[in-house]
Amino acid sequence: METFRGMTKKLREEGGLSLDVLAVSVEISKATLIKIEEGKRHATKEQMVKIAICFKEKETELATIWMSELIRIGDWKRLGTPGWLNGYDTILTELKGGE
């Protein structure tokens, strides 16, 4: 099973992006991005959305993986709304630019 951290690192490396470039794009520190990629920290919803937008062709897949990891560990509060389906709809709307 693909993980958010693993997919983020894989897409970053395949795209030739350095940690510094992706961190600036996501508006987080390089240290925070390293912790996310190493699995020492979970990305917030806002960080996940920004990371997903950087990898447009995989944004829905990244969002789905991120949410499934939160559901697996029982961290519902990060979804931002009650219930995972409402959170999923909200995240997909954010990825599409609020359409």
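Here is a short chat about the helices, core and a few residues of this predicted model.

In this predicted model, local features need pLDDT of at least 70 and side-chain atom pairs count only at pLDDT 80 or more, while totals for chains, interfaces and linings use all residues. Residues are numbered from 1 along each chain as its sequence is written, and side-chain values use heavy atoms, with hydrogens and water left out.

User: Which helix gives the largest share of the largest nonpolar core?

Analyst: A nonpolar core here is a set of buried Ala, Val, Leu, Ile, Met, Phe, Trp, Tyr and Cys residues joined through side-chain atoms within 4.5 Å. This one has 21 residues, and Phe4, Ile28, Met48, Ile51, Phe55, Leu62 and Trp66 touch the most other members. At least two core residues come from each of α1 (4–14), α2 (19–26), α3 (30–38), α4 (45–54) and α5 (59–73); helices are DSSP runs (H or I, at least four residues), numbered from the N terminus. The largest share, six residues, belongs to α5.

User: How are α2 and α4 set relative to each other?

Analyst: Their axes, lines fitted to C-alpha atoms over the stretch in contact, with angles from 0 to 180 degrees between N-to-C directions, come within 9 Å and cross at roughly 120°. Angles under 35 degrees count as roughly parallel, over 145 as roughly antiparallel, 65 to 115 as roughly perpendicular and the rest as oblique. α2 and α4 are therefore oblique.

User: What residues of α4 does α2 meet?

Analyst: Contact means heavy atoms within 4.5 Å. From α2, the residues involved are Leu22, Ser25 and Val26, and their partners in α4 are Gln47, Lys50, Ile51 and Cys54.

User: Is Thr32 buried or exposed?

Analyst: Thr32 sits in helix α3, and beyond its neighbours within four places in sequence it contacts Arg41 and Gln47. The cut-offs are under 20% relative accessible area for buried, over 50% for exposed, and partly exposed in between (1.4 Å probe, protein chains only). At 13% relative accessibility, Thr32 is buried.

User: What is the phi of Glu27?

Analyst: Most residues other than glycine have a negative phi. Glu27 lies in the loop between α2 and α3 and is exposed, at 61% relative accessible area. Glu27 isn't a glycine, yet its phi is positive, about 65°.

User: How many Å apart are Lys9 and Leu33, C-alpha to C-alpha?

Analyst: Lys9 belongs to helix α1 and is partly exposed, at 36% relative accessibility. Lys9 and Leu33 are 24 residues apart in sequence, and their C-alpha to C-alpha distance is 9.5 Å.
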